[in-house]
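The following exercises concern the architecture of a predicted model. Each task is followed by a solution in steps.

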Amino acid sequence: RVLDCNCGLGMRAVLLAESGFEVVGADSSAVAIRHAPEVAATKPLSIPFVHCPWQSLAERFTEPFDAIINDAFSLTPTRTELRFAALNFATLLRPGGVLIFTGADEHSNPEEREAQIEHAWQSAPRYQLCADYEHDGTHLILLIVRDRAPYGVVDNHVFIVRRDGRATLETASICNSMQWTWDDYHAVCREAGFSSIESVRVPVGRRQHVLNVARR
């Protein structure tokens, strides 16, 4: 039984369900949760999706999970919220259950963080037109404007939507944060009651991804 936390439109949840896992998806975005069942239905799969922020996870679920997957733990803005999120995850896991998340790993060097931020900043243009799409009378343009912050790179998504002769502007900022170190993750996970935390190398095609695994 797996909780895909920060599931978005549910594509990862679909892959997990197809692999035989019992999956529940949760996300703080009401829009994502509204459309995630449509993605799952194309298979077709019946996956429950719940609109729920991290702060309310422990209140929303009563049955424990064997695993929680989260790819946005590193984007938590403050140490207090990072600690509270870890506690919520630990509360939802049965003994021996695991939290799987991305971010700085045990092999990383905090002294290299500034160079990594600079590399991320230089790896893409400041302004980028990412989508120009039209369907059923709706025209969408997506422009990404990037800003460098002390803790990472912020991608400001600017959506220009034209519909019925009117234009609206919507924005969303995504911070590719590198502020948390392996020591930070290790500390908050141990405080939350996890018995161990390690980094695991996972081969994906010709590349290796590193995932952090905290065990309850």
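**Exercise 1. Determine how strand β11 is paired on either side, giving the sense of pairing and an example of opposed residues for each partner.**

Step 1. Begin with a pair of residues: V98 stands opposite R215 in β11. The strands concerned are β5 and β11, which run antiparallel and are joined by four bridges.

Step 2. Turn to the other partner. β10 and β11 are also antiparallel, with nine bridges between them. In this pairing V202 is placed opposite H209 of β11.

Step 3. Examine the connection. Two residues lie between β10 and β11, which form a hairpin, and in its turn G205 has a positive phi of about 65°.

**Exercise 2. Give the strand order of the seven-stranded sheet, and explain why β3 and β10 each have one side without a neighbour.**

Step 1. The seven strands follow the order β3-β2-β1-β4-β5-β11-β10 in an open sheet of mixed pairing.

Step 2. β3 (49-51) and β10 (196-204) are the edge strands; each has a single partner, so one side of each is left without a neighbour in the sheet. From one strand to the next, the twist averages 25°.

Step 3. The parallel sense is illustrated by β1 (residues 2-5) and β4 (residues 65-70), which pair over four bridges. Here V2 is set opposite A67 of β4.

Step 4. Add the helices. Helix α4 (residues 79-92) packs on the sheet, where it touches β1, β4 and β5 (93-101), and its direction makes about 135° with that of β5. Helix α2 (residues 30-41) lies across β2 (23-27) and β3, running at about 170° to β3.

**Exercise 3. Identify the buried residues of helix α6 and establish on which elements they pack.**

Step 1. The helix spans residues 182-191, and its buried residues are W182, D184, Y185, V188 and C189.

Step 2. These residues lie on the same side of α6, because they cover an arc of only 160° around the axis.

Step 3. The elements against which the buried residues of α6 pack are α4, β5, β10 and β11 (207-215).

Step 4. Follow the chain onward: just after α6, G193 takes a positive phi of about 105°.

**Exercise 4. Describe the largest nonpolar core and state which element gives the most to this core.**

Step 1. This core has 31 residues, and L3, L57, F73, F89 and F194 have the most contacts inside it.

Step 2. At least two residues each are supplied by β1, β2, β4, α4, β5 and α6. The element that gives the most is α4, with six residues.

Step 3. Take F89 as an example. Setting aside residues up to four places away in sequence, F89 touches C5, W54, L57, I68, N70, F73, L99 and F194.

Step 4. A second core, separate from the largest, has 16 residues, among them C7, I33, A40 and I69. As a general background to such clusters, nonpolar side chains in soluble globular proteins tend to be buried together.

**Exercise 5. Describe the four-stranded sheet, including its edges and the helix that packs on it.**

Step 1. The order is β6-β7-β8-β9, the sheet is open and its pairing is antiparallel.

Step 2. Since β6 (127-135) and β9 (166-177) stand at the edges with a single partner strand each, one side of each has no neighbour in the sheet. Direction ignored, neighbouring strands are turned by 15° against each other on average.

Step 3. Strand β8 (residues 152-163) is joined to β9 by twelve bridges. Across this antiparallel pair, N156 faces S173 of β9 and V161 faces T168 of β9.

Step 4. Helix α5 (residues 113-122) packs on the sheet and touches β7 and β8, with its direction at about 150° to that of β7.

Step 5. The hairpin of β8 and β9 has two residues between the strands, and D164 there takes a positive phi near 55°.

**Exercise 6. Is H139 buried or exposed, and what does its side chain contact?**

Step 1. Locate the residue: H139 belongs to strand β7 (residues 138-149).

Step 2. Apply the cut-off for burial, which is under 20% relative accessible area. H139 therefore counts as buried, at 18% relative accessibility.

Step 3. Inspect the side chain: that of H139 makes a polar contact of 2.5 Å with the side chain of D132.

Step 4. Complete the surroundings. Leaving aside neighbours within four places in sequence, H139 is in contact with D132, Y133, E134, I160, V161 and R162.

Notes: Residues numbered from 1 in each chain as written. Predicted model: local features only at pLDDT ≥ 70, side-chain atom pairs only at ≥ 80, totals over all residues. Heavy atoms only, no water. Buried < 20%, exposed > 50% of the residue type's maximum accessible area, 1.4 Å probe, protein only. Polar contact = N/O pair within 3.5 Å; in protein donor to acceptor, adjacent residues only side chain to side chain. Contact = heavy atoms within 4.5 Å. Pairing = 2+ DSSP bridges. Axes fitted to C-alpha atoms, helices over the stretch in contact; angles between N-to-C directions. Arc of directions from axis to C-beta. Core = buried A, V, L, I, M, F, W, Y, C linked by side-chain atoms within 4.5 Å.
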